[in-house]
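Colleague: Could you take me through this model, beginning with the charged contacts and then moving on to the internal spaces and the surface?

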Amino acid sequence: YEINLSIIINFLIFITSLIGFILSCLFATRDGYYHWSTRLLYFTQQSNLWIGFTSLAFAIIQLRKISTEKIYKIISILKYVFTISITITGIIFCSLLAPFADYNVWTFSSVLTHVIVPSLSIFDFFTNKKIIFFEKKYKLYTFIPPLIYFIITSVLCLFKVDFGRGDPFPYFFMDYYSEVGLFGLIIKWPPQIGSFYWFIFFFGFIYVLSTIYYKFKTYLLNKVQSK
């Protein structure tokens with residue numbers, strides 16, 4: 001029963017992330033993007049694909065009973081890393097982007113990619129006993145996807161690539177051409193901070209989040225093993 005539930009949830013993560021991605025591309029022009037391909041430039045779509053295909057691989061491994069410890073260790077690390085990424089997607093969207101958007105962001109595809117997929121992924125990460133745990137150093141791996149994203153996206157921003165809505169940046173905190181730029185600060189209302197400070201905040205947040213996930217997951221696994 002436990003394995004079957006894990007397989008079902010992981011297939012659900014894959015299906016919902018794929019449907020959300022496809023719908024966001026199909027309705028890109030409706031949402032104000034000049035071409036569907038520009039959706040691929042956003043962390044939302046990338047993190048959904050990462051966790052979706054990792055979950056698909058995890059479901060197949062369990063279904064085919066490929067149960068070597070090395071394979072489970074690799075997939076567990078990937079689950080950990082991409083669960084952090086998809087959690088960040090959900091939290092940033094719901095707290096920083098959606099409340100201040102000047103258009104309807106709560107479309108069906110948006111709910112799938114920003115709420116449903118993150119929720120399913122977090123639930124599976126903490127409840128799935130097939131996700132074995134590893135070493136504390138793997139917390140550093142959670143920095144890799146967002147770091148690569150920020151580096152590549154920053155290069156595109158510097159070359160003023162259009163991210164689909166007429167802006168040379170995907171998110172307001174990566175607007176290097178704003179009044180505050182990289183290192184600026186505006187204290188008067190509404191306060192603004194440069195992109196550099198946002199990066200510090202985000203990577204600090206990733207560290208805190210990865211630490212919480214690591215400690216809580218380790219606690220749950222130790223509790224199971226002590227029974």
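**Salt bridges, spaces and surface**

Modeller: The side chains of K79 and D124 form a salt bridge, in which the closest N and O atoms are 2.8 Å apart. The term denotes a side-chain nitrogen of Lys or Arg within 4 Å of a carboxyl oxygen of Asp or Glu. K79 belongs to helix α3 and D124 to helix α4, so the pair ties together parts that are 45 residues apart in sequence. Helices (H or I, at least four residues) and strands (E, at least two) are DSSP runs numbered from the N terminus.

Colleague: Before we continue, how was this obtained?

Modeller: The model is predicted, so to speak of a local feature requires pLDDT of at least 70 and side-chain atom pairs count only at pLDDT 80 or more, while totals for chains, interfaces and linings use all residues. Residues are numbered from 1 along each chain as its sequence is written, and side-chain values use heavy atoms, with hydrogens and water left out.

Colleague: Back to that pair: is K79 buried or exposed?

Modeller: K79 is buried, at a relative accessible area of 1%, and D124 is buried with a value of 1%. Buried means under 20% relative accessible area, exposed means over 50%, and partly exposed lies in between (1.4 Å probe, protein chains only).

Colleague: How many salt bridges are there in the whole structure?

Modeller: The search finds 3. R30 and D31 form one of them, at 3.0 Å from N to O, and R39 pairs with D31 at 2.6 Å. R30, D31 and R39 are thereby linked in a network of salt bridges.

Colleague: And how accessible are R30 and D31?

Modeller: R30 is partly exposed, at 49%. D31 is buried, with a relative accessible area of 12%, and R39 is buried as well.

Colleague: Changing topic, how much space lies in the largest pocket?

Modeller: The largest pocket holds about 1100 Å³. On a 1 Å grid over the protein atoms alone, a pocket is an open set of points with protein on both sides within 12 Å along at least five of seven lines, a cavity is a set where a 1.4 Å probe fits but cannot get out, and lining residues have an atom within 4 Å of a point. Points are joined across faces, edges and corners, and the volume is the space filled by probe spheres set on them.

Colleague: Which residues lie nearest the centre of the largest pocket?

Modeller: They are L96, L97, P170, Y171 and F172, out of 40 lining residues. Two or more lining residues come from each of α2 (43–63), α3 (69–97), α4, β2 (192–193) and α6 (195–225). The largest share, 4 residues, is from α4. By class, the lining has 20 nonpolar, 14 polar and 6 charged residues. Here Ala, Val, Leu, Ile, Met, Phe, Trp, Tyr, Cys and Pro count as nonpolar, Asp, Glu, Lys and Arg as charged, and the others, Gly among them, as polar.

Colleague: What about enclosed space: how many cavities of 30 Å³ or more are there?

Modeller: There is 1. The largest cavity contains about 200 Å³. Its lining has 15 residues, with F43, I88, I92, Y171 and F173 nearest the centre.

Colleague: Which element gives the most to that lining?

Modeller: Helix α3 does, with 5 residues. At least two residues are supplied by each of α2, α3, α5 and α6. The cavity lining divides into 12 nonpolar, 3 polar and no charged residues.

Colleague: Now the outside: which residues form the nonpolar patch on the surface?

Modeller: The patch consists of L140, Y141, I144, L147, I148, I151, I152, V155, L158, F159 and Y177, with about 1100 Å² of accessible area together. Areas come from the Shrake-Rupley method with a 1.4 Å probe, and for residues only the protein chains shown count as cover. Patches are made of residues with over 30% relative accessible area and no salt bridge, joining like charges within 9 Å and nonpolar side chains (Val, Leu, Ile, Met, Phe, Trp, Tyr) within 5 Å.

Colleague: Where is L140?

Modeller: L140 is in the loop between α4 (108–127) and α5 (144–158), and is exposed at 57%. K130 is in the loop between α4 and α5, and is partly exposed at 28%. The C-alpha atoms of K130 and K73 are 9.5 Å apart, with the two positions 57 residues apart along the chain counted as their separation.

Colleague: What is notable about phi of K160?

Modeller: Phi of K160 is near 55°, a positive value in a residue other than glycine. K160 sits in the loop between α5 and β1 (185–186) and is exposed, at 56%.
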